[in-house]
Amino acid sequence: MLLQVGDLKKTYSRGHQNVEALRGVTFSVDRGQFTSIMGPSGSGKSTLLHMLGGLDRPSSGSVRIDGQEIQSYNDDQLSNFRRRKLGFIFQFFNLLPTLTALENVALPVLLDGKKIDEIAPKAKDLLTMIGLKNRMDHRPDQLSGGEMQRVAIARALITDPLLILADEPTGNLDTKTGTTVLELLAQMAKERKHTIIMVTHDPRAASFGNRLISMRDGMIEADELRDFLPLNSVAVPSPMVAPGLVPGHPRAPVPRPLNNISLPAPEVTSAFASAAESAPAPARNLPISEMPPSTPTFANSPRETSKNNGDHSPTL
Ligand SMILES: Nc1ncnc2c1ncn2[C@@H]1O[C@H](COP(=O)(O)OP(=O)(O)O)[C@@H](O)[C@H]1O
Ligand SMILES: [Mg+2]
């Protein structure tokens, strides 16, 4: 059993009121399972995902991942565990705007002290696998939404994580692009035995997994296993070069030597985790121009009750 969750409870205090976001959640997940978690807004889906990812601490109960009780970890241990053993995919992609696709994919490993040259071959392999061979030197503003989310998936895979956690990964993509991303995730689980837990409000998105957990009022209401959809359409799109991005074109990215990367400040790289905390899906259907910035700051964090409050260490 890869993941075991036991009687997990989380109570937030808001002013004089307590909100019981999780009221005793128990389930376990096998390796290679692609679990979708659905439920009405406010039913505790994001809270559960945060507890599983060690982004926040439960009020009581246990989360055991690959035999390790993560709630017993201190903050440093937890952040190392997150960076090395978990992969995160968020609704707003959370790529760092100044880094290329390749550098964004490599980032979790770079933050762990490795050199880009050591990890570049693997990052290139992953980008090639997800159909972005011709986008490696592009920065996020030179990529489409679907391409950005595929970069985020490659980034989530770079450490061969035990568990991939996704919160509304297709929430900002059109249906067709979303389908490509979901097929890619299903393929990762089915063919490469990655274990994925995805929160979604969309039944169609949920149908790509092989398990559906339904939540209501902070509890599991239903839990059903199903078959994967047949993977008939090809998950990897053709490596077409977008207009304006042909080599030599003014907007085409200028390749930089790989050992020339200056890593952004820790507060920037912590955007991953803080985004998960500070994006309670307020803007799901906003046009891109009105979306919140992809690198939210801690000032916006709603995590009032967390023991980690005020901790500005990188939480990737
Ligand atoms: N940081 C927080 N502080 C106070 N209440 C919170 C916080 N995060 C979530 N909640 C409350 O917990 C409940 C579950 O929220 P959430 O897990 O975000 O639900 P979902 O993701 O299913 O929409 C909601 O009532 C929400 O308002
Ligand atoms: Mg949510």
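In what order do the six strands of the open sheet with mixed pairing lie? The tour below leads to that sheet at once and then moves outward to the helices and to a second sheet. The model is a predicted one.

**The whole chain**

Before selecting any part, display the full chain. Its secondary structure amounts to nine helices and 10 strands. The chain has 316 residues, and 43% of them count as buried. Among the contacts with a separation of 6 or more, 74% are between residues 24 or more positions apart.

**The six-stranded sheet**

Select the strands β6, β7, β8, β3, β9 and β10. Read across the open sheet, they stand in exactly that order, β6-β7-β8-β3-β9-β10, and their pairing is mixed. The edges are formed by β6 (86-89) and β10 (219-225), each of which pairs on one side only. From one strand to the next, the twist averages 15 degrees.

Begin at the β6 edge. Strand β7 comprises residues 163-167, and four bridges join it to β6, the two strands running parallel. To locate this pairing, select Leu86 and, opposite it in β7, Leu163.

Two helices that pack on this sheet may now be added to the selection. The first is helix α1 (residues 45-52), which touches β3 (34-38), β7, β8 (196-199) and β9 (211-216). The direction of α1 makes about 150 degrees with that of β8. The second is helix α5 (residues 145-157), which touches β6 and β7. The direction of α5 makes about 170 degrees with that of β6.

**Strand β3**

Next, select β3 alone. How many of its five residues are buried? Five of the five are buried, and the strand is mostly covered. The side chains may be shown here: Phe34, Ser36 and Met38 point one way, while Thr35 and Ile37 point the other way.

Now restore the strands with which β3 pairs. Four bridges join β3 to β8, and these strands run parallel; Thr35 stands opposite Ile197 of β8. Four bridges also join β3 to β9, again in parallel, and here Ser36 is set opposite Leu212 of β9.

**Arg216**

Remain on β9 and select Arg216, which lies in that strand. Is this residue buried, exposed or partly exposed? Arg216 is partly exposed, because 14 other C-beta atoms lie within 10 Å, a number between the limits of 12 or fewer for exposed and 20 or more for buried. Leaving aside residues up to four places away in sequence, Arg216 touches Gly39, Pro40, Ser43 and Glu221. Select Ser41 as well: Arg216 and Ser41 are 175 residues apart in sequence, yet their C-alpha atoms are 9.0 Å apart in space.

**Helices α5 and α6**

Return to α5 and add helix α6 (residues 175-192). The axes of these helices come within 9 Å and cross at roughly 15 degrees. Angles under 35 degrees count as roughly parallel, and α5 and α6 are therefore roughly parallel to each other. Their crossing is right-handed. On the α5 side, the contact is made by Gly145, Gly146, Gln149, Arg150 and Ile153; on the α6 side, by Thr177, Thr180, Val181 and Leu184. By class, this contact has three nonpolar, five polar and one charged residues.

**Helices α3 and α5**

Keep α5 displayed, and replace α6 with helix α3 (residues 101-110). The axes of α3 and α5 come within 7 Å and cross at roughly 30 degrees, and this crossing is right-handed. Ala101, Asn104, Val105, Leu107 and Pro108 of α3 meet Val151, Ala154 and Arg155 of α5. The classes represented in the contact of α3 with α5 are six nonpolar, one polar and one charged residues.

**The four-stranded sheet**

For the final stop, select β2, β1, β4 and β5. These four strands form an open sheet in the order β2-β1-β4-β5, with antiparallel pairing. The edge strands are β2 (17-29) and β5 (68-69), each pairing on one side only.

Which strand is joined to β2 by 10 bridges? It is strand β1 (residues 3-14), and β1 and β2 run antiparallel. One pair to select is Lys10 and Leu22, since Leu22 in β2 is the bridge partner of Lys10.

Lastly, bring back helix α1. This helix lies across β1, β2 and β4 (60-65), running at about 60 degrees to β2. Helix α1 also packs on the six-stranded sheet visited earlier.

Notes: Residues numbered from 1 in each chain as written. Chains lettered and ligands numbered in written order. Predicted model: local features only at pLDDT ≥ 70, side-chain atom pairs only at ≥ 80, totals over all residues. Pairing = 2+ DSSP bridges. Axes fitted to C-alpha atoms, helices over the stretch in contact; angles between N-to-C directions. Contact = placed C-beta atoms within 7 Å. Parallel < 35°, antiparallel > 145°, perpendicular 65-115°, else oblique. Left-handed = near helix turned anticlockwise from the far one by under 90°. Nonpolar A, V, L, I, M, F, W, Y, C, P; charged D, E, K, R; others polar.
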